[in-house]
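Welcome to this short tour. Please open your viewer, switch on the side chains, and keep the selection box ready.

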Amino acid sequence: MTAVHSMRRVLVVGGPGSGKTTFSVRLGRLLDLPVHNLDAVFWKPGWVESSREEFAARQQPLVAGERWILDGNYGGTRQLRLAAADTVVFLDLPVWLCLVRVLRRWWRWRGRSRPDLPEGLPEKMDWTFLSYIVWTWPRSSRPSLRRDLGGWQGSLIRLRSSAEARRFLERLECQKTSPA
């Protein structure tokens with residue numbers, strides 16, 4: 001188990017709908033770390049993409065900080081974040097579960113911006129995103145992430161189910177509240 005005090009720069013990754021933001025917010029509260037959602041850094045109003053250079057520049061002040069949680073994947077700039085992180089939490093959940101969660105999230109927030117995203121990014125669903133979840137993520141993006149993490153030297157925590165993620169957070173909470 002990773003010690004609470006050793007987690008100061010945490011990257012939370014996983015497929016769409018894996019629970020990255022929910023997990024990050026809970027982890028941030030437990031560790032008293034600021035949480036930054038990379039979707040909010042990458043997307044401009046109206047779901048307009050940032051250029052790779054612009055996105056990297058917007059991440060620089062975040063990764064330069066001494067304490068943070070960054071929630072998101074974005075393989076094109078992953079090395080920037082990995083170079084600064086001490087811990088990676090990989091929410092490696094089944095694709096079917098991620099798809100169900102994304103559909104549930106869409107239904108709940110359809111047409112409105114979620115609280116974790118800036119205004120101008122109303123929740124939407126399209127075939128491109130669905131295709132990414134069921135086809136591109138498991139066949140291309142996930143293997144690329146795993147390759148990048150294979151050579152990484154920090155603390156890697158791979159959680160393969162919602163129950164594992166919940167137990168991990170519960171153990172951290174107990175570790176934080178128990179006398180040293």
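Start by selecting Arg-158, which is partly exposed, with a relative accessibility of 27%. Keep in mind as you look around that this is a predicted model. Now add Asp-92 to the selection: the side chains of Arg-158 and Asp-92 meet in a salt bridge, at 2.6 Å from N to O. Arg-158 belongs to strand 7 (residues 155-159), while Asp-92 sits in the loop between strand 6 (87-91) and helix 5 (95-109), so the pair ties together parts that are 66 residues apart in sequence. Is Asp-92 buried or exposed? Asp-92 has a relative accessible area of 9%, and it counts as buried because that value is under the 20% cut-off.

**More salt bridges**

Side chains of opposite charge can pair when their charged atoms come close. How many salt bridges are there in this model? The count comes to eight.

Select Asp-148 and Arg-78 for another one. Their closest N and O atoms are 2.7 Å apart. This pair links distant parts of the chain, with Asp-148 in helix 6 (residues 127-150), Arg-78 in helix 4, and their positions 70 residues apart in the sequence. Try a surface view here: Asp-148 is partly exposed at 24% relative accessibility, whereas Arg-78 is buried at 3%.

Next, select Lys-124 and Asp-126. Their side chains also form a salt bridge, with an N to O distance of 3.5 Å. Both partners reach the surface in part: Asp-126 is partly exposed at 30% relative accessibility, and Lys-124 is partly exposed at 41%.

Then select four residues together: Arg-105, Arg-114, Asp-116 and Glu-123. Salt bridges that share partners join these four into one network.

**A patch of positive charge**

Clear your selection and show the surface. Which residues gather in a patch of positive charge there? Select Arg-26, Arg-29, Arg-166, Arg-167 and Arg-171 to see the patch.

Now colour two helices. Helix 1 (20-31) and helix 7 (162-177) each supply at least two residues of the positive patch. Helix 7 gives the most, with three residues. Zoom in on one member, Arg-171, which lies in helix 7. Arg-171 has a relative accessible area of 42% and counts as partly exposed; residues need over 30% to belong to a patch, so Arg-171 passes that cut-off.

**Looking at cysteines**

A disulfide is a covalent bond between the sulfur atoms of two cysteines. How many disulfides does a search of the whole structure find? The search finds zero.

Two cysteines are still worth a click. Select Cys-98 and you are looking at a buried residue, with a relative accessible area of 4%. Select Cys-174 and the setting changes, as Cys-174 is exposed at 52% relative accessibility.

**Two backbone angles**

Most residues other than glycine have a negative phi. With that in mind, select Asp-32: its phi is near 55 degrees, a positive value in a residue other than glycine. Where is Asp-32 found? Asp-32 is in the loop between helix 1 and strand 2 (35-37). Asp-32 is also exposed, with a relative accessible area of 56%.

Move on to Tyr-74, another non-glycine residue with a positive phi, in this case near 50 degrees. Tyr-74 lies in the loop between strand 5 (68-71) and helix 4 (78-84).

**Try the distance tool**

To finish, use the ruler in your viewer on C-alpha atoms. Begin at Gly-14, which is in strand 1 (residues 9-14) and is buried, with a relative accessible area of 0%. Draw a line from Gly-14 to Glu-53. These two are 39 residues apart in sequence, and their C-alpha atoms are 23 Å apart in space.

For the last stop, select Val-25 in helix 1. Val-25 is partly exposed, at 32% relative accessibility. Draw a line from Val-25 to Tyr-132, which is 107 residues away along the chain. What separation should your ruler show between their C-alpha atoms? Look for 25 Å.

Key: Residues numbered from 1 in each chain as written. Predicted model: local features only at pLDDT ≥ 70, side-chain atom pairs only at ≥ 80, totals over all residues. Heavy atoms only, no water. Patch = residues over 30% accessible without salt bridge, like charges linked within 9 Å, V, L, I, M, F, W, Y side chains within 5 Å. Areas by Shrake-Rupley, 256 points an atom, 1.4 Å probe, with all protein chains shown as cover. Lys, Arg positive; Asp, Glu negative; His and termini not counted. Charge placed at Lys NZ, Arg CZ, Asp CG, Glu CD. Helix = DSSP H or I, 4+ residues; strand = E, 2+ residues; numbered from the N terminus. Buried < 20%, exposed > 50% of the residue type's maximum accessible area, 1.4 Å probe, protein only. Disulfide = S-S within 2.5 Å.
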